[in-house]
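Hi everyone, thanks for making time this morning. I'd like to walk you through a structure that may be new to you, so let's put it on the screen.

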Amino acid sequence: MTNIQDIFKKSNVAVITGGASGIGLAVAKYFAGRGMSVAIADLGGDRLADAANELKVIAGEENVMAVETDVASRDSLEALERAVLQRFGRVHVLMNNAGIGPETSIFSPQANWDNIFAVNLMGVINGTRTFGPKMLSHGEPGLIINTGSKQGITTPPGNPAYNISKSGVKVFTEALQHELRNTQGGKISAHLLIPGFVFTGLTKGDRAEKPAAAWTAEQTVDFMVESLERGDFYILCPDNDVARPVDERRMLWAAGDIVENRPPLSRWHKDYADKFKAFLDRK
């Protein structure tokens, strides 16, 4: 197992998509604090510039770059890679973190479905496929961290396009890690970040203050780093409202729908409400 402190070190390079705010900016600050060179990619020029300025205070101007990038575009991701390699030479950590969450229903407008898939799923796939080959070829230890969601595992009712996109990220990252660990001489590993309730621009809605139930982005990054130090692939984050044992029972119940031939999403089915509660309470 690779010691991640051999990766999160001075002179190594990290690229974070969705890096101008939320978890992306928090992890960029962590990497910058470790002495790494950091490239953040996002949309929104002023917001991206402000984030870059925060990072420059930590790491110095020479160790920070910000590139406006649309992860829905393979061409834009390839331009990002060229810019990073030209500036820093190689990449040791790729965090495919950019994500959006407009509301969808099964029959809602096609544009919302297309946008969610393009950013949340294809952004991760194309980000990995763009950066991954040269990360493998330089021969130094590194990580690819993809941001998933519990909604991609328990797939609750509401916003099906988001759930499907994050379910796809889970399946893709599992396949990626299988391939990486079977690549002779490869020193890159993949990891799936599964945040809990985190107070970010994606989740805060109209709220100005963090709800008591939510973690901060910084707490999530601290937990991620602790998990990576243990070598975890599934980085299943709790929050101030839901502890890990509850998440585990919810996930086991979701898998049980198939094994026990229950109706889909039976956790929310009126005929199974009491059975699910009893399962959740079982020790």
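Before anything else, a word on what I call a helix: helices here are DSSP runs of H or I with at least four residues, numbered from the N terminus. Please also keep in mind that this is a predicted model.

With that in hand, let's start at a pocket. The second largest pocket holds about 280 Å³ of space. Among the 14 residues lining this pocket, Thr-128, Arg-129, Leu-176, Glu-179 and Leu-180 are the closest to its centre. Which helices supply at least two residues each to that lining? They are helix 4 and helix 5, the latter running over 160-181. Helix 4 provides the largest share, with six residues.

Now to the nonpolar cores. In general, nonpolar side chains in soluble globular proteins tend to be buried together. Here, the largest nonpolar core has 37 residues, and Phe-8 and Phe-31 have the most contacts inside it. At least two residues come from each of these elements: strand 1 (13-17), helix 1 (22-33), strand 2 (37-42), helix 2 (45-59), strand 4 (93-96), strand 5 (142-147) and helix 6 (217-230). Of these, helix 1 gives the most, seven residues. There is also another core lying apart from this one, with 32 residues, including Ala-41, Ala-98, Leu-121 and Val-169.

Let's zoom in on Phe-31. Leaving out residues up to four places away in sequence, Phe-31 touches Phe-8, Ala-14, Ile-16, Met-36, Val-38 and Val-93.

Next, helix 6. Helix 6 has 14 residues, and from its first C-alpha to its last it reaches 20 Å, close to the 20 Å expected at 1.5 Å a residue. Its buried residues are Ala-217, Thr-220, Val-221, Phe-223, Met-224, Val-225, Ser-227 and Leu-228. And what do those buried residues pack against? The partners are helix 1, strand 4, strand 5, strand 6 (188-194) and strand 7 (234-236). Just after helix 6 comes Gly-231, with a positive phi near 85 degrees.

One residue of helix 6 deserves a closer look, and that is Ser-227. Why does Ser-227 count as buried? Because its relative accessible area is 1%, and buried means under 20%. The side chain of Ser-227 reaches the backbone oxygen of Phe-223 at 2.9 Å. Not counting residues up to four places away in sequence, Ser-227 also touches Asp-232 and Ile-235.

For contrast, take a look at Glu-209, in the loop between strand 6 and helix 6. Is Glu-209 buried or exposed? Glu-209 counts as exposed because its relative accessibility is 65%, and the cut-off for exposed is over 50%. If you would like a distance to picture, the C-alpha atoms of Glu-209 and Ile-164 are 29 Å apart, with their positions 45 residues apart along the chain.

My last stop is His-138, in the loop between helix 4 (110-137) and strand 5. A polar atom of the His-138 side chain lies 2.7 Å from the backbone oxygen of Val-91. The side chain of His-138 also reaches the backbone nitrogen of Glu-140, at 3.1 Å. Setting aside neighbours within four places in sequence, His-138 is in contact with Arg-90, Val-91 and His-92.

That's my tour, and thank you for listening!

Definitions and conventions
Residues numbered from 1 in each chain as written. Predicted model: local features only at pLDDT ≥ 70, side-chain atom pairs only at ≥ 80, totals over all residues. Heavy atoms only, no water. Core = buried A, V, L, I, M, F, W, Y, C linked by side-chain atoms within 4.5 Å. Buried < 20%, exposed > 50% of the residue type's maximum accessible area, 1.4 Å probe, protein only. Contact = heavy atoms within 4.5 Å. Polar contact = N/O pair within 3.5 Å; in protein donor to acceptor, adjacent residues only side chain to side chain. Expected span 1.5 Å × (residues − 1). 1 Å grid on protein atoms, 1.4 Å probe; cavity = no way out; pocket = protein on both sides within 12 Å on 5 of 7 lines; lining within 4 Å. Points joined across faces, edges and corners; volume = space filled by probe spheres on them.
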